[in-house]
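The following exercises practise the description of a protein chain from its strands, helices and pockets. Attempt each task with the structure in view before reading its solution.

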Amino acid sequence: MKHLKRFNESKEDEKLDILENFAYITDKLGEPSIGSHSYGTGTKWNLSWDIKLDLSVLQEATQLIQKLKDITEEIDDVLSAADRLENYNINMSLTNSLRIELVPKDTGDNTFKFIKGYESRQLYVRINEVERFFNSRGLRVVKWDNESSFDEVNQTNKLEISLNKVDNQVTSEFYLLIMAELNLIKDRDYQMYVNGNDVVIYPDEEKAYVEVTTR
């Protein structure tokens with residue numbers, strides 16, 4: 001219990017330090033939503049601010065230009081925060097919200113456990129471990145999707161993981177590692193294939209699913 005208390009206190013301190021480094025953006029945009037999950041021996045953080053900007057509708061030009069200038073200033077502060085938060089790699093996206101992802105540089109040793117287990121016809125894939133593997137090899141997961149492939153008739157789906165670029169050597173390594181884990185699943189057969197920069201994990205029979213988890 002004492003160890004858990006120290007861990008929670010350490011994580012809360014880490015959270016407060018991150019928020020402090022983005023205080024300028026918070027002053028401009030309001031409090032962010034913040035989430036985290038385990039990432040090897042570290043913690044990956046996600047922050048999101050609503051920027052209340054809709055570029056799809058016509059609006060008064062000078063006001064829109066000023067809004068864009070304000071956002072540019074806020075984005076510049078992300079670079080300053082990145083210099084201060086030197087233990088993280090920082091990724092960012094901008095739509096109707098400003099989303100910042102902080103990925104720890106030190107994630108422990110070079111071992112991975114991609115599959116949490118199989119239960120009630122569902123294979124659970126640790127997406128955080130998948131991301132950690134590809135990041136350690138110089139690639140980045142830009143999107144994952146296990147919903148659009150849902151097949152109601154056969155009661156199956158597949159997990160599609162999109163990478164930022166093609167690297168056959170890395171995806172071949174990933175294939176060997178994850179198939180070693182998939183082959184341990186006795187109740188259903190699961191396979192993996194690569195299509196360009198997409199990695200796809202799927203059941204080889206009906207009435208089986210692929211879900212994602214960060215636990």
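The protein chain contains five helices and 11 strands, where helices (H or I, at least four residues) and strands (E, at least two) are DSSP runs numbered from the N terminus. The model is predicted, so local features need pLDDT of at least 70 and side-chain atom pairs count only at pLDDT 80 or more, while totals for chains, interfaces and linings use all residues. Residues are numbered from 1 along each chain as its sequence is written, and side-chain values use heavy atoms, with hydrogens and water left out.

**Exercise 1. Describe the extent and burial of the chain.**

Step 1. Along its principal axes, the C-alpha trace spans about 60 × 50 × 35 Å.

Step 2. Of the 215 residues, 37% are buried (under 20% relative accessible area, with exposed over 50% and partly exposed in between, for a 1.4 Å probe and protein chains only).

**Exercise 2. Determine how strand 4 is paired and whether it is enclosed or open.**

Step 1. Two strands pair if DSSP finds at least two bridges between them. Strand 2 (42-50) and strand 4 (97-104) run antiparallel and are joined by six bridges.

Step 2. Strand 3 (88-94) also pairs with strand 4 in the antiparallel sense, over seven bridges. A hairpin through two residues joins strand 3 to strand 4.

Step 3. Leu102 of strand 4 stands opposite Trp45, and Leu102 is also the bridge partner of Ile90.

Step 4. Seven of the eight residues of strand 4 are buried, so strand 4 is largely enclosed by the rest of the structure.

**Exercise 3. Work out the strand order of the three-stranded open sheet and locate the helix that lies across strand 6 and strand 11.**

Step 1. The order of the three strands is 5-6-11, and their pairing is mixed. Strand 5 (115-119) and strand 11 (209-213) are the edge strands, each pairing on one side only.

Step 2. Strand 6 (residues 122-126) pairs with strand 11 in the parallel sense over five bridges. Within this pairing, Tyr124 has Glu211 as its bridge partner.

Step 3. Helix 4 (residues 127-136) lies across strand 6 and strand 11, at about 40 degrees to strand 6 (axes are lines fitted to C-alpha atoms, for helices over the stretch in contact, that is, with heavy atoms within 4.5 Å, and angles run from 0 to 180 degrees between N-to-C directions).

Step 4. Eight of the 10 residues of helix 4 are buried, among them Ile127, Val130, Phe133 and Phe134. Just after helix 4, Gly138 takes a positive phi of about 85 degrees.

**Exercise 4. Characterise the two largest pockets.**

Step 1. On a 1 Å grid over the protein atoms alone, a pocket is an open set of points where a 1.4 Å probe fits, with protein on both sides within 12 Å along at least five of seven lines; lining residues have an atom within 4 Å of a point.

Step 2. The largest pocket holds about 330 Å³ of space. Its lining has 17 residues, with Lys44, Arg99, Glu101, Val141 and Val142 nearest the centre.

Step 3. This lining divides into six nonpolar, five polar and six charged residues (Ala, Val, Leu, Ile, Met, Phe, Trp, Tyr, Cys and Pro count as nonpolar, Asp, Glu, Lys and Arg as charged, and the others, Gly among them, as polar).

Step 4. The second largest pocket holds about 230 Å³. Helix 4 gives the largest share of its lining, three residues.

Notes. Grid points are joined across faces, edges and corners, and a volume is the space filled by probe spheres set on the points.
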